[in-house]
Amino acid sequence: MIWPFSRRPSASPALDPIRFRQAAVGLPWLRGLDAARLQRLAALAAQFLDEKTITPVHDLRLSDVQRLRLALLCCLPLLEYGADGLRGWSELIVYPGAFRVRHQRLDAHGVLHDDVADLAGEAWERGPVILSWADVRDNIAEPFEGYCVAVHEIAHKLDALDGGLDGTPPLPPAWRKTWAADFQQAFDALCADVDANRDPSIDPYAGESAEEFFAVCSEYHFSAPWLLRAAYPQVAGHLERFYGASPAASAHGLPPTGG
């Protein structure tokens with residue numbers, strides 16, 4: 001389905017077909033897309049390249065094919081939502097590898113902490129998307145292990161479209177209610193596993209917050225949907241409705257959720 005409130009891709013310059021094939025062949029997730037969805041992805045990527053600035057930093061150099069590959073990855077979660085998912089930000093910053101960030105947080109006792117972490121990606125509610133090129137390449141090399149940092153960060157951008165990061169993107173009211181209940185139940189189950197020192201079925205980072213749970217589950221939808229279905233079938237069903245059929249599932253011959 002195409003979301004009824006989403007705008008169609010604008011009349012951006014068409015992609016060079018040879019360059020598109022060069023970029024697409026290097027992205028294993030795209031092999032499960034039918035011709036119509038692949039065409040839609042190409043139109044979204046063309047609009048992405050027309051609207052967004054891709055800024056490599058720290059002496060990183062990106063070829064035109066690599067830039068297109070990044071655009072395709074960032075647009076993969078927008079196949080059904082549409083070009084409206086691109087609004088609200090204008091720049092993709094790409095580091096050669098993991099980058100160090102420092103954030104301040106106030107704990108429950110009113111003490112201010114400086115937290116330092118090395119990240120593979122980051123997306124601000126109002127600001128750029130930031131990716132580690134090394135991690136993007138690692139994800140491409142092992143595409144069905146449950147990780148795709150570009151999908152993770154774009155999921156955060158979709159989450160923020162309704163005004164806040166809470167693990168629920170813009171949805172019709174009735175769907176939002178069932179989504180929130182099913183995601184909360186799955187999130188609580190994952191947190192209970194982590195608290196009991198049981199290995200969760202997906203990356204335990206999903207237990208950091210509701211928004212991280214949504215973003216991590218989005219990665220699994222695109223890269224290891226069989227694991228997500230086995231662990232949290234209701235969540236997998238919501239994400240298939242939101243993102244469309246997982247191309248990884250199609251590439252592995254899996255039927256749609258409930259099929």
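Colleague: Which residues have the most contacts inside the largest nonpolar core?
Modeller: This is a predicted model. Its largest nonpolar core has 71 residues. The residues with the most contacts inside that core are Leu92 and Phe213.

Colleague: Which helix gives the most to this core?
Modeller: The contribution of the top helix is 8 residues. That helix spans residues 64–75. The name is H3.

Colleague: What does Leu92 touch, not counting residues up to four places away in sequence?
Modeller: Residues up to four places away in sequence are set aside here. The partners then include Val129 and Leu131. The others are Phe48, Thr53, Ile54, Thr55, Leu70 and Cys74.

Colleague: How many residues are in the other core?
Modeller: This core lies apart from the one with 71 residues. Its members include Ile93, Phe99, Val101 and Ile130. The count is 5 residues.

Colleague: Is Phe99 buried or exposed?
Modeller: Phe99 sits in strand E3, residues 99–106. Its relative accessible area is 4%. The cut-off for burial is under 20%. Phe99 therefore counts as buried.

Colleague: How many Å apart in space are Phe99 and Ile130, C-alpha to C-alpha?
Modeller: Ile130 is among the residues in contact with Phe99, as are Leu131 and Ser132. Along the sequence, Phe99 and Ile130 are 31 residues apart. From C-alpha to C-alpha, the distance is 9.3 Å.

Colleague: What is the relative accessible area of Ser223?
Modeller: Ser223 lies in helix H7, residues 210–223. Beyond four places in sequence, Ser223 touches Trp29, Pro143, Phe144, Glu145, Gly146, Tyr147 and Ala248. Ser223 is buried, and its relative accessible area is 0%.

Colleague: What separates the C-alpha atoms of Ser223 and Gly146?
Modeller: Gly146 is one of the residues that Ser223 touches. The two are 77 residues apart along the chain. Their C-alpha atoms are separated by 4.9 Å.

Colleague: Are H6 and H9 parallel or oblique to each other?
Modeller: H6 covers residues 173–195 and H9 covers residues 233–243. Their axes come within 9 Å and cross at roughly 140°. Over 145 degrees would count as roughly antiparallel. H6 and H9 are therefore oblique.

Colleague: Is the crossing of H6 and H9 left-handed or right-handed?
Modeller: On the H6 side, the contact residues include Trp175, Trp179 and Phe183. On the H9 side, they include Val235, Leu239 and Phe242. The contact residues divide into 7 nonpolar, 3 polar and 2 charged. As H6 passes H9, the crossing is left-handed.

Terms used
Residues are numbered from 1 along each chain as its sequence is written. This is a predicted model: local features need pLDDT of at least 70, side-chain atom pairs count only at pLDDT 80 or more; totals for chains, interfaces and linings use all residues. Side-chain values use heavy atoms; hydrogens and water are left out. Axes are lines fitted to C-alpha atoms, for helices over the stretch in contact, and angles run from 0 to 180 degrees between N-to-C directions. Helices (H or I, at least four residues) and strands (E, at least two) are DSSP runs, numbered from the N terminus. Angles under 35 degrees count as roughly parallel, over 145 as roughly antiparallel, 65 to 115 as roughly perpendicular and the rest as oblique. A crossing is left-handed if the near helix is turned anticlockwise from the far one by less than a right angle, and right-handed if clockwise. Contact means heavy atoms within 4.5 Å. Ala, Val, Leu, Ile, Met, Phe, Trp, Tyr, Cys and Pro count as nonpolar, Asp, Glu, Lys and Arg as charged, and the others, Gly among them, as polar. A nonpolar core is a set of buried Ala, Val, Leu, Ile, Met, Phe, Trp, Tyr and Cys residues joined through side-chain atoms within 4.5 Å. Buried means under 20% relative accessible area, exposed over 50%, partly exposed in between (1.4 Å probe, protein chains only).
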